[in-house]
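Open the model in a viewer and keep the selection panel at hand. The stops below go from pockets to sheets and then to ring pairs.

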Amino acid sequence: GLKIWDDEMNVYYNANLNNPLPHNIKFSKQGSFIFNINQDQLEIYDAFSQKLISSISLELKNNHERNIYNDETDGSLYLVDDAAVKQVDFSGNIIKSFKHSSAQGYDIAYTPGDDHLYFSDGIGIVKLNKSNLKPLSWAYTKDFSGPNGWAAGLKVVRDNYGEKIFVFDNYNIIVLNQD
């Protein structure tokens with residue numbers, strides 16, 4: 001299940017969601033929705049009533065940690081499954097997609113206000129134009145740590161000098177800039 005405690009260790013929120021990969025359960029930024037990547041489905045729940053709003057089928061070959069991005073400004077979700085990057089609405093309709101060249105998908109990351117986003121697909125990191133999901137640039141992780149480098153975890157932060165993309169590639173944590 002999912003529990004949230006206050007400073008005095010009292011449970012003030014409890015949801016009966018089960019997932020063997022707890023990192024695949026996320027709250028929306030405003031806390032109104034819960035997103036649960038469970039097996040080959042993305043389940044969207046109303047956080048207050050805990051009722052299932054919709055379930056979106058994903059193309060997944062195996063079950064591992066994945067990250068999604070909920071863009072509250074346009075009311076859509078961005079995710080990467082094992083076939084494509086997808087922008088979907090809360091009803092499960094695909095708005096846009098980009099078929100990637102790998103057989104696996106992991107994380108998608110975005111810095112609010114940017115016109116692009118990043119995703120990891122095992123073999124590397126791709127920077128996509130957010131409005132049309134066309135690739136802008138990419139980097140292969142094998143170029144950084146040898147033939148077994150496998151880009152999975154991905155985080156993006158912004159500082160005074162631009163974006164920093166943090167990638168976990170099986171062996172190392174790689175830091176890339178926005179280029």
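Begin at the second largest pocket, which holds about 200 Å³ of space. A pocket here is an open set of points on a 1 Å grid over the protein atoms alone, where a 1.4 Å probe fits, with protein on both sides within 12 Å along at least five of seven lines; lining residues have an atom within 4 Å of a point. Grid points are joined across faces, edges and corners, and the volume is the space filled by probe spheres set on the points. Select H23, E65, N67, D107 and G153: of the 13 lining residues, these lie nearest the centre of the second largest pocket. By class, the lining of this pocket has three nonpolar, five polar and five charged residues. Ala, Val, Leu, Ile, Met, Phe, Trp, Tyr, Cys and Pro count as nonpolar, Asp, Glu, Lys and Arg as charged, and the others, Gly among them, as polar.

The model is predicted: local features need pLDDT of at least 70 and side-chain atom pairs count only at pLDDT 80 or more, while totals for chains, interfaces and linings use all residues. Residues are numbered from 1 along each chain as its sequence is written, and side-chain values use heavy atoms, with hydrogens and water left out.

**Largest pocket**

Next select K29, N67, I68, Y69 and N70, which lie nearest the centre of the largest pocket among its 15 lining residues. About 320 Å³ of space lies in this pocket. Its lining divides into nine nonpolar, three polar and three charged residues. Colour β3, β7, β11 and β15 (154-159), each of which supplies at least two lining residues; strands are DSSP runs of E, at least two residues long, numbered from the N terminus. β15 gives the most to this lining, with three residues.

**Sheet β15-β16-β17**

Stay on β15 and add β16 and β17: the three strands form an open sheet in the order β15-β16-β17, with antiparallel pairing. Two strands count as paired if DSSP finds at least two bridges between them. β15 and β17 (173-177) are at the edges with a single partner strand each, so one side of each has no neighbour in the sheet. On average, neighbouring strands of this sheet are turned by 25° against each other, direction ignored; the axes are lines fitted to C-alpha atoms, and angles run from 0 to 180 degrees between N-to-C directions.

β15 and β16 (residues 162-168) run antiparallel and are joined by six bridges. Select V156 to find one bridge position: its partner in β16 is I165. On the other side, β16 and β17 pair in the antiparallel sense over five bridges, and V167 stands opposite I174 in β17. Follow the chain through the hairpin that β16 and β17 form, with four residues between them; N170 in the turn has a positive phi of about 85°. Then show the side chains of β17: I174 and L176 make up a covered face, and I173, V175 and N177 an uncovered one.

D179 lies in the segment after β17. D179 counts as exposed because its relative accessibility is 75%; exposed means over 50% relative accessible area, buried under 20%, and partly exposed in between (1.4 Å probe, protein chains only). For a distance label, pick D179 and P20, which are 159 residues apart in sequence and 36 Å apart in space, C-alpha to C-alpha.

**Sheet β3-β4-β5-β6**

Select the four strands of the open sheet with the order β3-β4-β5-β6 and antiparallel pairing. The edge strands are β3 and β6 (52-57), each pairing on one side only. Neighbouring strands are turned here by 15° against each other on average, direction ignored. β3 and β4 (residues 33-38) run antiparallel and are joined by three bridges; K26 has F35 as its bridge partner in β4.

**Aromatic pairs**

Show the rings of Phe, Tyr and Trp (its six-membered ring), which pair if their centres lie within 6.5 Å; planes under 30 degrees apart count as stacked, over 60 as edge-to-face and the rest as tilted. The structure holds six aromatic pairs. One of them is edge-to-face, Y13 with F27, at 5.8 Å centre to centre and 65° between the planes. Y13 is in strand β2 (residues 11-15) and F27 in strand β3 (residues 25-27), 14 residues apart. Y13 is buried at 16% relative accessibility, whereas F27 is partly exposed at 33%.

Return to Y69, which forms a tilted pair with Y110, 4.7 Å centre to centre and 50° between the planes. Y69 is in strand β7 (residues 69-71) and Y110 in the loop between β11 (108-109) and β12 (116-120), 41 residues apart. Y69 counts as buried at 10% relative accessibility, and Y110 counts as buried at 12%. End with F33, F35 and F90, which ring pairs link into a cluster.
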